[in-house]
Amino acid sequence: MALTPSHILFESATGCAIFKCVQVEEIGNKTPAVQESIKDLNKFGKMVQLVSFSPFKSAVDALQTCLDISEGVMNDHLKQLITLNLQKSKSILLGVSERGLAGSIMSETGITCDTGERTLELIRGIRLHSEKLLKGLSEGDMAKAQLGLGHSYSRSKVKFNVNRSDNMIIQAIALVDTLDKDVNTFAMRVREWYGWHFPELVKLAPDNITYAKLARFIKAKENLSEEHIEELTELLAGDETIARNILDASRASMGTQIGEMDMINIENFADRVVNLGEYRKNMHKYLIEKMHLVAPNVSALIGEVIGARLISHAGSLTNLAKYPASTVQILGAEKALFRALKTKGNTPKYGLIYHASAIQRAAPKNKGRMSRFLANKISIAARIDCFSDNTVTAGGQPNNKFGEVMAVQVEERLAFYETGKPPGKNIDAMKKALAAIEEQAGDQMDVDAEESGEDDEDSDEDDAEGGKAPMPNVLGASDLADKKSKKEGKKDKKEKKEKKEKKEKKEKKSKHSDGKEKKTKEDKVAKDAEKARRKAEKKAKKAGKA
C-alpha cells in the first residue's frame, strides 16, 4: 500500500514551497476523493497548508534551480529551504515529484521522500491553485513566470558553441552532395544543348565546368579566329594545343546553325552552371575549414569529406564518438547488413570508410582487416575531438597531433600487410603525440614570453623617460626557467629514490641468502650427528648380541 506524505515539496517558476498535509488519514484512505476534491479550492485548501515559500531572487536563479532539479541535484536554495523548515524524523515523509531529486534529498539531508501516485495528485492540486495558495502572487503572475522560464530553459538546452558546431558540417556536406548532382545534371544539359551547334567540342573538353566556360566564350563557332587563341588557352589552363584543336574543329564543324535568341539562352544557362561550380568549390573550402575546427583529428586521419559524411550519417560528432568501432566500420551499409542477417549471408566489411585511401590501396584480401583497424582509429579520433579540450591550441590553430600519429599507424599497418614489416606499438604512438602537443604548447609559451618581453622593454623605456624605476624584463622566460628547474629537481628526486630502493632490495637479498646458508650448515651438522648416533646404537646392539 502506498504511503501518504506528511509534507509536499512544490517547485514552480516563481520559487519553491513546502506544504503540510493536514488531513493525512482522509487523504490516505480516499484517493479517488482526493482526485475529485482537487478541482475545488475550498475542499483542497483544507487538505494542505503552506509552511514556507522561498521565491527566486532573479531569472538566473530560477533557471539554475530548474536545471538542477531536471538533473536531480539539490542546490543550496532547496537545501536551505528544507533544512530550515523540516527536521530529520521518522514521522516526516516528504512528497517530491522528481525521483532523482528525491534521491539526492535523502542522501544529503536524511529525510525520507515519496514519489507515489498520492504525492503526484497533491502536487497537481497545488499547481492548479498555486496563485491562491502561495503568498504574494496575483492572477497571471504564475503564467508570466512560466513563460519566461520556459523560454530561458529551452535556450539553455539548445545552446551550443558557435565555433564548434557539427550541425554546420552536416548541412555543408549535404549541400556539397546536392551541388555535385545539380552541377552534373546542368552540365549535361549544356552539352546536349550546345552540342547541336558545336558537337566536336565535347571530346576536346571533357570537364563539365571547362565545357560550360568554353560554350559561354565561343558562342557562335563561325566567329572563332586566331585572335581568340590566347583567351582559349587561359580557359584551358595554359594548354595551347587543345586551343588550336578547338579552332580547327570549329572551322570544320558539322553542327547546325542556331538563332541569336537561342544562343543567348544557352549563354545564360552556361553562365549559371559556371557560377554553380564556383559556389561548389567555395562550399568545399568552407567544409574543410569547419572540419579542421570541429574534428581536426578525424580530418587528419581519413580526410575532411569522409569525416563529414560519417558525422552527418551519425547525426552529430557526439553520436559518432559514442559508437563502437564495429558500428563505425559498417556505418552507411545498414541495408546490406540487415539483408545479410535476413538471408544469413556474409555481412559487409565496410561502409562509408570504403572510400578512404588506406582501404583503396589495400589488397583485396586485406581490405576487411584494414577497415577494422581504420574504424578503431576513427573511433578514438572522434572521441578525442568530441570530449577533449585540447583540439585547439593557444594560438587558435587546430590541434591534430593525435590524428597525424594515427594516420602514420594506419600507413604502418598497411605496410605490414604488404611487406610483413612489424608496426610500432600503440603506446609509443600516443606518447609521441603527447610529446608533440607539449612541445607545441611550449613553443607557444615561448612566443608569448617573447611578446611579453617586448612589451616590458617598451614599458621600461617609457618608465625611464618618465623618471620611474624600470621593471624586470621577460617575466615569462623566468617562469619557464623555474618550471624547467622544478622538473629537473623532480627527476633528481625520483632517481635518488630509485637508487635507495635498489640498495635496500640488494641488502635484503644478501641478508636472506646469508640466513639460508646458516640454516643449511646447521641442518648438515644435525644430520651428521644423527647418523653418528644411529651408527653407535647399531654397534652397541651388535656387541650385546655377541
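In this predicted model, Arg 191 lies over the face of Tyr 211, at 4.8 Å from the ring centre. Aromatic rings also meet one another. Six aromatic pairs are counted. One of them joins Trp 193 and Phe 269: the ring centres are 6.3 Å apart and the planes stand at 45°, so the pair is tilted. Trp 193 belongs to helix α10 (residues 166-195) and Phe 269 to helix α15 (residues 260-294), so this contact ties together parts that are 76 residues apart in sequence. Trp 193 is partly exposed, at 36% relative accessibility. Phe 269 is partly exposed as well, with a relative accessible area of 22%. Both rings are members of one aromatic cluster, together with Phe 186.

A further tilted pair is formed by Phe 416 and Tyr 417. Here the distance is 5.8 Å centre to centre, with 50° between the planes. The two residues fall into separate accessibility classes. Phe 416 has a relative accessible area of 33% and is partly exposed. Tyr 417, at 15%, counts as buried, because the limit for that class is under 20%.

Helix α10 also holds Ala 174. The relative accessibility of Ala 174 is 37%, which makes the residue partly exposed. Along the chain, Ala 174 and Ser 312 are 138 residues apart. In space, their C-alpha atoms are separated by 8.1 Å.

Helix α7 (residues 117-128) allows a check on length. The helix has twelve residues. At 1.5 Å a residue, the span should be 16 Å, because the expected value is 1.5 Å times one less than the number of residues. The end C-alpha atoms of α7 are 16 Å apart, which agrees. The buried residues of α7 include the charged-name entries Arg 118 and Glu 121. Also buried in this helix are Thr 119, Leu 122, Ile 123, Gly 125 and Ile 126.

The strands come next. Five of them form an open sheet in the order β3-β2-β1-β4-β5. The pairing in this sheet is mixed. Strands β3 (48-55) and β5 (113-114) stand at the edges. Each has a single partner strand, so one side of each is left without a neighbour in the sheet. For β5, pairing with β4 (residues 94-95) is in the parallel sense and runs over two bridges. Gly 95 has Asp 114, in β5, as its bridge partner.

How values were computed. Residues are numbered from 1 along each chain as its sequence is written. This is a predicted model: local features need pLDDT of at least 70, side-chain atom pairs count only at pLDDT 80 or more; totals for chains, interfaces and linings use all residues. Side-chain values use heavy atoms; hydrogens and water are left out. Rings of Phe, Tyr and Trp (its six-membered ring) pair if their centres lie within 6.5 Å; planes under 30 degrees apart count as stacked, over 60 as edge-to-face and the rest as tilted. Helices (H or I, at least four residues) and strands (E, at least two) are DSSP runs, numbered from the N terminus. Buried means under 20% relative accessible area, exposed over 50%, partly exposed in between (1.4 Å probe, protein chains only). A charge sits over a ring if NZ of Lys or CZ of Arg is within 6 Å of the ring centre and within 35 degrees of the ring normal. Two strands pair if DSSP finds at least two bridges between them.
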